[in-house]
Every structure is written in C-alpha cells, then in structure tokens.
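User: Hey, can you walk me through this one? I'd like the ground rules before the details.
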Amino acid sequence: MIDKPSALVQGTLDMLILKTLALEPLHGWGIAQRIEQISRGVFQVNAGSLFPAFRRLERAGLIDGEWRATENNRRAKYYALTKQGRRKLEAETKEWTRQIAAITRILEAQG
Amino acid sequence: MALIRNLAAGIRALFRKEKANAELDEELRDYLDAAIAQKLEGGMSQKEARRAAGLEIGSPDAVREEVHAAGWESIVETFWQDFRFALRMLRKSPGFTTVAIATLALGIGATTAIFSVVNTVLLQPLPYKDAGRLVAIWGSNKARGYTLDLISVPDLLDWKSQNRVFESMGAATDEMYTLTGAGEPYGVIGYAFSPSFFDVLGVPPLLGRTFATDETQPGKSHVVVLNYRLWKTRFGADPGILGTNVFLDGQSYTVIGVMPRSFQYPESVMLWTPLTITPNAAKDRSMRWVRVMARLKPGVTMTQASAEMNTIAARLQAEYPTTNKDYSVTLESLRHLISGDVRTPLFVLLCSVCLVLLIACANIANLLLSRATARQREIAIRAALGASRFRVVRQFLTESILLSVIGGGLGLLVAYWGVGELVAMFPTTISNLSIPRVESIPIDRWVLGFALLVSVVTGLVFGLVPALRASRVSPDQSLKESGRTGAGGSQSKRFRNALVVAQVAFSLLLLTSAGLMIKSFLHLVRADLGFQPDQVLTMRVLLPSYKYKTPVQERSFGDEALSRIEALPGVKTAGTVTFLPLSGWWGTREVSIPGRPVDPQKMNPQPVWGSVSPGYFSAMRIPLLEGRSFTAQDSDTSAKVAIISATLARQLWPNQDPIGREVAIDGFDGARRVVGVVGDVYQLGLGAHESDASDVKTEVYVPFDQEPTHLLCFAIRTAGDPLSIAKAAQSQIWAIDKGQAVSFVESMDELAADSLALQKASVILLAIFAGLALMLASIGIYGVISYSASRRTHEIGIRIALGAHSSDVLRLVVGEGLILALAGVLLGIAGAFALTRFLSSLLYGVGAADPLTFLATALILLFVALIACYIPARRAMRVDPVVALRYE
C-alpha cells in the first residue's frame with residue numbers, strides 16, 4: 001500500500017509547498033523533489049497541480065518568485081517564502097497538529 | 001493588501017499575456033529539463049528519460065490551462081470571448097436582433113420613465129434635515145368624521161410639555177397678504193411660523209436669519225423671511241435686501257432672511273412671518289387653528305409616537321371634556337403630507353409598466369427558444385468538444401444580457417423623451433390634491449442604476465429558461481438526427497404555451513385595469529359637479545384688512561366691482577363667493593337647528609360655507625331647487641337669511657320642507673331663516689382623494705351683504721371665451737383700487753381640468769400600457785402558433801392528402817391558439833378579480849369588479865387572439881401536400 005504514491009489530502013499541497021520553502025528558496029522541480037524525498041515517496045506531486053498552486057500562493061502574497069541562475073548555470077524561477085507566508089505556515093502547522101491530535105485521539109479511543 | 005496584489009497581478013496577466021505565457025513556458029521547460037537530467041543520472045537513455053519525464057508531467061498545454069484557470073483573469077477572458085461571440089451571433093441574425101432590441105428598448109424605456117417619476121416624487125430625499133423624522137400632527141375627531149383637523153394652542157403647549165417622543169414641535173398658520181412696494185400689487189400666500197418651525201425643519205437660511213423667540217411679541221413681529229422664488233422674481237435676487245422694508249397689507253415688515261431654493265414648505269407659500277398668538281387664542285381650547293409639525297427623537301417610530309400622543313390626548317379629553325371630547329390625534333409623515341395623493345396612481349402605473357416589460361420578456365424568450373432549436377447542432381458540437389453545460393448556459397446568458405443591455409441603452413433614450421411628457425402629469429396648478437410641485441424629472445444616477453439593473457434582470461428573466469433548455473442536449477443524439485424533426489420536443493412546446501398563456505393573462509389584467517380607469521374617468525368627466533364650469537372666468541381678490549376695516553367698506557367694494565364687471569361687454573352675469581369650488585380653498589362651519597343639539601354623526605362632514613352675492617348661483621348655474629335665491633333686498637338691515645344645499649336640507653329636516661325654518665350657523669350671530677334650497681356642489685372635486693375631505697357636498701350660503709368677507713372669488717359667466725375678458729375684468733378691480741392684488745385669473749374649465757389632471761394622466765398612461773401589452777401578446781400568440789403550424793407542415797400535408805378540408809386545417813390551427821388564449825383569459829380574469837381591488841381607491845362610479853368591463857376586455861383579447869391565429873392558419877391551409885411530403 002505504501003509503495004504506491006498516495007494522492008495528497010485535499011488542501012495540504014499549499015502547506016507542503018510552504019514547508020518546503022521554509023528552509024531555502026527552491027525552483028519548481030526542486031520543490032517537487034523535496035516533497036517526494038521528505039515524504040519518502042509517499043506523496044508524489046505532478047506539474048499539473050504544482051504550477052497552479054504556485055500561481056495561487058504567489059497571488060496570495062505567501063511566496064515570491066524570482067528568476068535566478070541554477071547550480072548548473074541555467075535560468076530558473078526560484079520561489080521564496082514571504083514574511084506573510086511564514087506566518088501562514090506557522091498557523092497552518094499549529095492547526096494541522098491540533099487536528100491530527102484530535103483525530104488520533106478519536107481513532108485510538110475507538111480502537 | 002492581498003486583494004490588491006491579486007488584482008494587480010491579474011490585470012498584468014491580462015494585458016501582458018505574452019510575457020506571462022513565455023515565463024510559464026520557460027518554467028515548465030526548466031522543470032522538464034531537471035526531470036530529464038535526474039532520469040539520466042538514474043541510468044536511463046536520453047530517449048527513455050525524455051519519454052518518462054514527459055509522461056510524468058503530462059501535456060504542457062493542460063498544465064498551462066490549469067495555471068491559467070487559477071487566476072481570476074481567466075473568467076474575464078472567457079467573458080470577453082463570450083461577448084465577442086454573442087456580438088457576432090446577433091449581427092448574423094439582424095431581423096431577430098432588431099425586433100428583440102426594439103421591444104426591449106420600449107419596455108425598459110417605459111419602465112425607466114415611470115421609475116424616474118417615482119424617484120423624483122417619492123424616493124428623492126426631501127430637502128429638510130432628516131426628513132424621515134418629520135411628522136405632521138393633526139387633530140382627529142372620529143365622531144365628527146375628521147382626521148386632519150387643526151390644533152388649539154393650549155393643546156399644543158400641553159403636548160409639548162408632556163410628550164417624550166418628539167425632539168421639537170412647531171406651529172404654523174396660513175396668511176394671505178397683499179405685497180406692495182415691489183412692482184404691481186401682488187397677492188401672496190404666507191405662512192406664519194412659530195420660531196421653532198424653522199428649527200424643526202432644520203434648514204438654515206440662504207441669507208440672514210430666521211425668527212428669534214421674542215419676535216412673536218407685538219411690536220417686534222414685523223419681520224419677514226422670503227422664499228427664493230419671490231426674492232428672485234420680485235427683488236432681482238438682491239443680496240442687499242436684508243434690513244430693507246417691504247409692505248404687507250400696507251404695513252412695513254423688515255426682511256431678515258431668504259430661504260434657499262430647495263426650502264419650499266408648504267409648496268405654495270412665498271414668505272414667512274412670525275406666528276403671533278393673541279391672549280385669547282392662547283387660552284381657548286376650542287379655537288383650533290394652527291398646523292403642527294414635529295421632529296421625532298432619533299429611534300422613535302411613528303407607532304410609538306402615535307401611542308404616546310393619543311395617551312396625552314386621552315388625558316386632555318378627561319381633563320377638558322367640554323372642548324376636547326372625542327379629540328384624538330393623527331400623525332402623518334411629511335412625505336405623505338406632500339405627496340399622499342400621488343402614491344397609489346404611481347404605484348399602479350409602475351406595476352403596470354413592469355407587467356408590460358414581463359410580457360415583452362415572454363416574447364423574447366419565445367424568439368430565443370426558436371433560435372436555440374435552430375442552433376442545436378452548434379450546441380451539440382460544443383458539448384462534444386468538451387464544453388460543460390454551465391459553459392453553454394453562460395454563453396447563452398451573455399447573449400441575452402447583451403441584448404437587454406443594448407435594449408436598455410436605447411430604452412434610456414425612450415425614457416429621456418418620456419419624462420419630458422410626464423412632467424405635464426403634474427401641472428403646478430393642481431390645488432385640490434396633495435401632489436408635489438414637479439418642475440423637472442431628472443435622469444439621475446438612481447434612474448441610470450435602475451435602468452441597468454432592470455436591463456440585466458430582464459436579460460436573465462427571458463434568457464435563463466431558453467439557455468437551460470438549449471444546453472440540455474446530448475451530443476450524439478442531435479448530431480445524428482436531422483436538424484428539423486429532432487428539435488423542439490414536447491417539453492419545450494409546453495413552456496412556449498405557458499408563456500403565451502401568461503402573456504394573455506397579464507394583458508387581460510392590464511386591459512381590465514385600464515378599462516376600469518377609463519370608465520371611471522368618463523364618469524368623472526361627465527359627472528355633475530353641481531355647477532356648469534364652461535364659459536366662467538374666475539379670479540380671487542383678498543381685501544387687505546388695513547384698508548378695508550369695516551364691513552361697509554368690504555360691501556361697497558364687492559357691490560361696485562360686480563356692477564362694473566357685469567357692465568362689461570360679453571359678460572352675462574357675475575357673482576362672488578368666499579371659496580370657489582375646486583380651488584383647494586374652503587372653510588366649514590357647524591350648522592344646527594336652534595335649540596337642538598347637533599348630532600355629529602349626521603353632520604359628517606361639516607358643511608362648507610360661503611358668503612355669496614345674489615348673482616353667484618346663476619353665474620355658476622347652480623340650480624335653485626326650492627324657495628328663492630338671494631336678492632338685493634337681503635341687506636344688512638333686513639332679516640338674516642340662508643340658503644342650504646339639498647343634502648344639508650335632508651340632513652337637517654328629513655322629509656320636511658326646509659323653507660321658512662331656522663338654522664344657526666357657528667360663527668354667525670343669531671338664527672337665520674332658510675329661504676332657498678340649491679343643488680349640491682362638490683367643493684373639492686370628485687374622487688382621487690385619500691383624505692376624508694372627499695366628496696364634500698353639503699353647503700350653507702349667506703348673503704355677502706349680510707356677512708361680507710375679506711376674500712372674494714369672482715365667478716363671471718361670459719358669452720364667449722371667458723379668458724378674452726380677463727384683462728378687462730382685472731382693470732375694473734384696479735379702477736376701484738389701484739393697489740388691489742388680483743390673483744388666480746383663470747377659467748373655471750381650467751380649474752375643472754386641473755382637478756382631474758392626475759386621473760387623466762393615469763388613464764392615458766394605463767391605456768398606452770394596456771395597448772402595448774395587447775400588441776405584444778398578439779405578437780406572442782402569432783409567433784407561437786405560426787411556429788407550431790410550420791413545424792406541423794408535414795402533418796398538415798398528410799391530412800390534406802388524406803382528404804382534410806381547408807376548414808379542418810383552419811380549425812386545427814386556430815383551435816390550438818384559441819385554447820391557449822382562453823386559458824390565459826380565464827387566468828387573467830381570476831388575477832384581475834384578485835388585484836383590481838387595489839385600484840378601488842382610484843375608481844369613481846365603477847366597481848373594481850365591474851362585470852361589463854371584465855367581459856369587454858375578455859372579448860377584445862379573444863378577438864385579437866383569433867386574428868393572430870388566423871394568419872398562420874391561412875398559410876397552413878395553402879400547404880401543398882406534395883411539397884409538404886417531399887420536404888422531409
């Protein structure tokens with residue numbers, strides 16, 4: 001079951017992108033890779049949902065895009081977290097933890 | 001912040017689409033390269049890596065579309081596409097477009113024009129501070145049948161000190177003055193305001209100041225505030241007027257202020273003087289003579305205020321039973337006071353014009369349905385290519401709203417022309433109704449907003465069902481079928497039929513209303529007002545009290561003026577009366593039999609009184625029913641006499657001869673012998689009044705020589721056109737007294753016409769709307785029946801081939817239409833029965849459920865429907881079976 005990459009829980013992609021960018025600015029491919037790596041292959045994101053998410057987050061002022069040279073000297077658009085994005089990530093993380101804790105409690109109580 | 005950024009980014013993306021797309025492409029390419037590079041590292045060949053990465057990412061076009069859809073600007077873009085497509089579609093069928101836009105322009109234009117009147121008359125804020133809190137307070141005595149009586153000063157003072165609902169109260173009374181020293185002598189109506197009245201209304205003067213509290217005291221009260229119009233016309237808008245003196249009734253008044261143009265309370269008043277209260281008036285509770293205006297405290301409702309005031313009135317009733325028995329209080333909002341009589345007619349007209357618009361919508365919906373049927377292939381192809389139902393509906397709605405907005409734009413031109421005609425609906429001379437003086441009807445931002453709203457809503461109303469219908473297409477079905485037979489369907493037909501039925505029903509409703517109003521109006525025009533208004537010149541003269549101090553002086557003026565005027569060529573006979581019928585001026589007095597207490601129920605309302613010269617009845621052609629008229633012998637020194645009207649005679653002495661009996665008239669000393677009975681006169685005209693003053697038709701007359709008055713209204717019966725002697729008659733007054741003002745020189749016919757002007761305008765407009773409705777409905781029936789007949793060409797061809805006669809075909813086609821029309825008529829009659837009772841306050845001499853009107857309008861509609869069906873039926877009769885059968 002775990003071998004097959006899962007679809008992302010609705011609405012969590014934005015949060016994962018923010019989390020990924022919390023460490024350092026990354027370009028599109030880098031973000032996709034990082035999400036896959038950190039989740040140990042559980043989550044696989046495709047370009048079709050990744051790019052609209054970038055556009056959304058950029059419009060909301062949570063991330064900022066900037067064209068820069070890559071390690072191998074190509075131009076790529078790097079996304080970085082804005083101050084607002086950082087605040088949003090903190091808030092979302094807290095909320096997420098709270099919900100997960102609650103759900104876990106419910107599941108354990110029934111088990 | 002985020003919103004602005006989002007907006008800015010969206011607008012950038014809209015206008016620099018190329019750049020945005022190029023950037024996205026580069027980003028995607030970069031992503032792909034990185035993916036390939038990783039796969040290469042993993043040991044794949046160049047070709048394999050490219051293929052794998054491509055598979056993973058999917059179509060770059062799809063990604064681009066999804067990114068695009070994430071921003072709001074994509075909606076704008078689709079709209080723009082839809083809009084351009086809609087324009088192309090409309091241009092492709094100019095016939096349909098022209099008919100639809102013309103119908104809409106007419107419908108929306110008429111609606112907007114009527115709304116602009118409502119906006120001007122009822123919705124625009126009144127030019128007073130927080131006008132919603134202004135309330136007129138009237139005395140009410142239900143037992144005697146008045147609800148709008150004046151107030152005594154002691155009552156007012158008690159109200160002021162005891163109430164907790166009003167912030168302030170002001171008192172006023174009307175005065176008439178002769179203004180001299182500024183051009184020709186000029187009769188002006190003034191209002192005496194208590195100093196607080198200006199504060200209650202809350203408007204500061206344009207120049208100078210309003211009254212100080214001590215200016216009600218004798219010796220200080222000769223100050224005057226002018227209205228804008230008087231200041232402009234008589235004093236050349238001179239800013240130096242403050243402190244100068246003007247002469248009112250020969251006495252000098254200092255001008256202390258000028259009110260701004262918008263301040264015009266009451267409408268007909270030209271100047272304001274301070275209200276002075278005599279010591280007697282300050283004590284006497286039975287002297288009811290002031291009008292009261294009050295300002296509600298913030299947050300207090302009319303109901304609360306009314307409850308509080310009636311509690312106080314009840315306390316006063318108990319405390320002062322002799323004067324205050326049965327007296328309670330009526331509250332009336334300022335808005336109602338100003339425009340009360342015009343509300344119902346305007347409401348009826350607005351509803352009617354909206355119905356016309358709805359009928360027009362039904363026609364256009366019908367046209368759109370036919371078009372949608374013709375466009376089924378196009379829709380099927382769109383659906384096959386992946387357009388969602390929502391997308392198709394949106395595109396159709398864009399088309400219909402585009403239509404209605406263009407129609408609305410042209411409709412504004414119609415409205416602009418229309419309001420010019422509508423201003424005439426409010427002649428400034430209507431004096432017997434509460435109608436605001438309307439000088440212009442502006443097309444302001446509210447009207448523009450209304451037009452836009454109506455246009456969009458109209459587009460949705462007529463476009464939504466056709467759009468939903470059209471979008472319900474399964475692509476494989478309709479692509480396979482030939483466009484002709486597959487289209488339509490029974491559901492769509494049912495909807496069309498329902499539209500026609502609704503149109504007929506609405507038209508019937510309008511026709512019936514118009515019919516009732518026309519009938520009522522004819523009654524009014526032909527109604528006997530109690531006098532003959534044709535060929536009578538009228539004018540009003542107010543003798544200033546400073547010059548005419550004694551009854552003798554008044555009497556000699558009246559007698560001389562009449563004999564001079566009667567001597568003029570072209571004058572048959574002339575008379576004077578205190579209050580001219582239909583003039584909007586009248587006074588009432590209690591009339592009783594001496595020694596017998598008045599039964600207020602029977603004397604309800606109080607009779608109008610008049611002091612008349614002997615020639616008055618013959619000049620007005622008021623018929624003498626019994627006894628004799630006044631003569632020159634009924635003088636100051638002879639026995640006191642009176643003439644009463646027929647209804648009053650019946651009220652006082654049912655079934656008995658009144659001649660020779662005695663009456664007591666409140667305000668005149670002693671008993672008077674009744675010498676004659678004359679016909680009733682409708683002093684205030686007929687119908688149209690919301691107030692209880694309507695249909696006052698009891699009168700009591702006394703001889704002018706016995707009870708002379710300051711106010712004399714002349715009624716001069718002429719041989720030819722009454723206005724031709726207007727100049728000569730005025731000069732005769734001036735020949736007696738150069739400084740005497742003569743006002744309201746007009747023919748009685750004009751007065752009578754003006755008193756019916758509002759009804760006339762309502763009737764004309766309603767008739768126009770009903771005519772439009774009838775026309776639109778007949779077009780609707782015609783359209784549906786001819787469409788249905790043309791779809792049945794094949795069937796009709798077979799019938800004819802099998803031996804059907806042309807009369808059978810006629811019956812088939814006409815029958816289909818008539819059944820629809822009949823259904824509509826039945827529904828319409830039911831609706832009209834339910835709704836015309838709202839008209840009843842506007843109707844005179846005809847019931848709201850007048851069977852004759854109902855029958856006539858139903859027949860008219862069925863007849864029109866028959867004609868509308870006959871044209872397509874004739875076409876169907878001429879179907880050549882060979883052609884019809886080969887057609888498929």
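Analyst: Sure, below we go through the ground rules, the chains, the cores, the contact and a few odd residues.

Analyst: It's a predicted model, so local features need pLDDT of at least 70 and side-chain atom pairs count only at pLDDT 80 or more, while totals for chains, interfaces and linings use all residues. Residues are numbered from 1 along each chain as its sequence is written, and chains are lettered from A and ligands numbered from 1 in the order in which they are written.

User: OK. How many helices and strands does chain B have?
Analyst: Chain B has 29 helices and 22 strands. Those are DSSP runs numbered from the N terminus, with H or I over at least four residues for a helix and E over at least two for a strand.

User: And is chain B a compact globule or more spread out?
Analyst: More spread out: its radius of gyration is 38 Å, well over the 29 Å that the globule rule gives for 888 residues. The radius is taken over C-alpha atoms, and the rule is 2.2 Å times the number of residues to the power 0.38. Along the principal axes, the C-alpha atoms of chain B fill a box of roughly 130 × 80 × 55 Å.

User: What share of chain B is buried?
Analyst: 41% of the 888 residues. Buried is 20 or more other C-beta atoms within 10 Å of the residue's own, exposed is 12 or fewer, and partly exposed is in between, with C-beta atoms placed from the backbone.

User: Which residues have the most contacts inside the largest nonpolar core?
Analyst: That core has 174 residues, and B:Val356, B:Ala715 and B:Ile781 are among those with the most contacts inside it. Helix 13 (residues 334-374) of chain B gives the largest share, 17 residues. There's also a second, separate core of 53 residues, including B:Leu134 and B:Ala305. A nonpolar core here is a set of buried Ala, Val, Leu, Ile, Met, Phe, Trp, Tyr and Cys residues joined through C-beta atoms within 7 Å.

User: What does B:Ala715 touch?
Analyst: Leaving out residues up to four places away in sequence, its partners include B:Val536, B:Tyr616 and B:Met748. Contact means C-beta atoms, placed from the backbone, within 7 Å.

User: Switching to chain A. What's its mean pLDDT?
Analyst: 79, and 87% of its residues reach 70 or more. Over residues 1-5 of chain A the pLDDT is below 50, and beyond near neighbours in sequence that stretch has 5 contacts in the model. pLDDT is the predictor's confidence in each residue, from 0 to 100. Where pLDDT is low, don't read the predicted coordinates in detail.

User: How many residues does each chain put into the contact?
Analyst: Chain A puts in 16 residues and chain B 20. On the chain A side, helix 3 supplies the largest share, 7 residues.

User: Where's the cis peptide bond?
Analyst: Between B:Tyr265 and B:Pro266, with omega about -15°. B:Pro266 is in the loop between strand 8 (251-258) and strand 9 (271-274) of chain B.

User: What about B:Leu582: positive or negative phi, buried or exposed?
Analyst: Its phi is positive, about 70°, although it's not a glycine. B:Leu582 counts as buried, with 27 C-beta neighbours inside 10 Å.

User: And B:Asp130, what's its phi?
Analyst: Near 40°, also a positive value in a residue other than glycine. B:Asp130 is partly exposed, with 13 other C-beta atoms within 10 Å, and lies in the loop between helix 6 (94-123) and strand 1 (134-141) of chain B.

Notes:
Contact = placed C-beta atoms within 7 Å.
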